[in-house]
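Biologist: Please take a close look at the aromatic rings for me. Then walk outward from there, in short steps.

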Amino acid sequence: MLDRPRRNRRTEAIRNMVAETQLTANNLIYPLFLLDGKGIKSEVKSLPNNYRFSPDTLLAEIEECLKLGLKSFVLFPAVDEALKNKEATYSYSPDNFYLKTIAEIKKRFPETCLVSDVAMDPYSSDGHDGYVENGQIINDKTLPILAKMAIAQAQAGIDIIGPSDMMDGRIQYLRDELDDEGFTDVGIMSYTAKYASAFYGPFRDALDSAPKAGDKKTYQMNPANKKEALREAMLDEAEGADFLLVKPALAYLDIIHLLAQNTTLPIAAYNVSGECAMLTAACQKGWLNFETAMPEMLLSIRRAGATAILTYFAKDWARRFN
Ligand code: PBG
C-alpha cells in the first residue's frame, strides 16, 4: 500500500499542520440585541445565553468581548411597539437609541467593527422588511426608507451597513445615497441570498418583530433555489456590495460554496438563531457535546467558503479557543 492517508492524521501536530481550514476570532461577528433603558440584560428565552442589552450593559458586554479578541459586532434593535409605524420613521429619528448607542460604542471603542441592520421590520407596525400597502410589499417605496435608515447609521458612525431586507436594487440605491452624502467609506454587507427560513424564530422572539400578517416569501428566497442565489450575487456585486452574505448557514452550505466559487468578494454567512438554538437545546439535554459540536459547526461554515461568520456562539468560541 503506497498511499496511507492515516499517516497525516497520526499526531495532533501533524493534523494541525495539514489542516486546510483555520478559524480565528477575526472571522467572527457577534450579533447583539439592543433595547432602550438602563441596567437591563434580559435573556432571550428561545436563545439561551443571549440577551437583550440596554445601552449601558451593552457597552460592558462589548468591553468583555474585546478582551476575548472579538472585535466585530452586528447590532439589532428591539423597538417599543408604540414607536413602530407603517413608514418605520423611528429608524432614522434623531432620538433613536440604536443610533445613539452606535455613536457611543464607536467613541468608547474605536477599534470595533460595527455592522448594522438595514430593514424595516424592527420599526414597522406591519412587521415586514418593506413598506406594506394592501397586503403587498412595495419594493420601490421601501428603497428611500432604507436609504434614510442607512444614512442615519452612517452619521452615527457605523463601519458597515447590513441590508437584510431583500428588496430589489437596494444595494445600488444605498451605495448611491451613501456616496452622495459623503459616506464613500461605509461598507455594505449585503444579505444576498437570504432564504424564507423557519430558522429565524428565536430572533423574532428577541425583537418581537414577526410579521403581523402573511409571511416573507415574496422577498426572501425559496429554500428550493440555488441558481437564483447566483443571480442575486451577480446583481449585488455589480451594484457595489463589499460582502455577499448567505443566510441561514448550516442548511445552506452549498450556497456558501457556490457563491465563494463565483465571486472575488468575501462571503459572510449567518449562522442564524434557530441553528444556534437547536445545538444549544441538544447540548442542554446532554445529547450532544457543546465543546466539540459548536466548533465543528463553525469550522464547517468556514470550510464551505465563508470568510466571516455571524454567530451567537462567537463569545463561547472566543472564550474557549482564542
Ligand atoms: C430581518 C432579520 C431577520 C434576521 C436578521 N435580520 C429575521 C427575518 O428575516 O425575519 C434573523 C437572524 C437570526 O435568526 O438569527 N431583517
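Modeller: I begin with the aromatic rings, then turn to a lysine, helix packing and a few single residues.

First, some ground rules. This is a predicted model, in which local features need pLDDT of at least 70, side-chain atom pairs count only at pLDDT 80 or more, and totals for chains, interfaces and linings use all residues. Residues are numbered from 1 along each chain as its sequence is written, and side-chain values use heavy atoms, with hydrogens and water left out.

Now the rings. Searching the whole structure gives 13 aromatic pairs. Rings of Phe, Tyr and Trp (its six-membered ring) pair if their centres lie within 6.5 Å; planes under 30 degrees apart are stacked, those over 60 are edge-to-face, and the rest are tilted. Take F76 and F203. Their ring centres are 4.9 Å apart and their planes stand at 90 degrees, so this pair is edge-to-face. The pair links distant parts of the chain: F76 belongs to strand β4 (residues 72-78) and F203 to helix α6 (residues 201-207), 127 residues apart. Helices (H or I, at least four residues) and strands (E, at least two) are DSSP runs, numbered from the N terminus. Both F76 and F203 are buried. Buried means under 20% relative accessible area, exposed means over 50%, and partly exposed lies in between (1.4 Å probe, protein chains only).

F76 and F203 also belong to a wider group. One aromatic cluster is formed by F33, F76, Y191, F203, Y270 and Y312.

Compare another pair, W317 and F321. The centres of their rings are 5.5 Å apart and the planes are at 45 degrees, so the pair is tilted. W317 and F321 are four residues apart in helix α11 (residues 314-321), which means about one helical turn separates them. W317 has 6% relative accessibility, so it counts as buried. F321 has 40%, so it counts as partly exposed.

Next, K247. Its charged end sits over the ring of Y200, 4.7 Å from the centre. K247 also lies over the face of F203, at 5.8 Å from the ring centre. The test is that NZ of Lys or CZ of Arg is within 6 Å of the ring centre and within 35 degrees of the ring normal. K247 has a further feature: the peptide bond from K247 to P248 is cis, with omega near -10 degrees. P248 is in the loop between β10 (243-247) and α8.

That leads to helix α8 and its packing. Two packed helices are described by the angle between their axes and the distance between the axes. Helix α7 (residues 227-239) packs with helix α8 (residues 253-261) at an angle of about 40 degrees, the axes being 10 Å apart. Axes are lines fitted to C-alpha atoms, for helices over the stretch in contact, and angles run from 0 to 180 degrees between N-to-C directions. α7 and α8 are therefore oblique to each other. Angles under 35 degrees count as roughly parallel, over 145 as roughly antiparallel, 65 to 115 as roughly perpendicular, and the rest as oblique. The α7 and α8 crossing is right-handed. A crossing is right-handed if the near helix is turned clockwise from the far one by less than a right angle, and left-handed if anticlockwise. A229, L230 and A233 of α7 make the contact with I255, L258 and L259 of α8. Contact means heavy atoms within 4.5 Å.

A second helix pair follows. The axes of helix α3 (residues 97-108) and helix α4 (residues 139-156) come within 8 Å and cross at roughly 30 degrees. α3 and α4 are therefore roughly parallel to each other. Their crossing is right-handed. Y98, L99, I102 and A103 of α3 make the contact with A152, Q153 and A156 of α4.

Helix α4 also holds M149. M149 has a relative accessible area of 0%, so it is buried. Not counting residues up to four places away in sequence, M149 touches S91, Y92, D117, V118, A119, M120 and Y123. M149 and L99 are 50 residues apart in sequence, and their C-alpha atoms are 9.6 Å apart in space.

Last, two backbone angles. N49, in strand β3 (residues 47-53), has phi near 75 degrees, a positive value in a residue other than glycine. N49 is partly exposed, at 46% relative accessible area. M166 has phi near 65 degrees, again positive in a residue other than glycine. M166 lies in the loop between β8 (160-161) and α5 (170-180). M166 has 4% relative accessibility, so it counts as buried.
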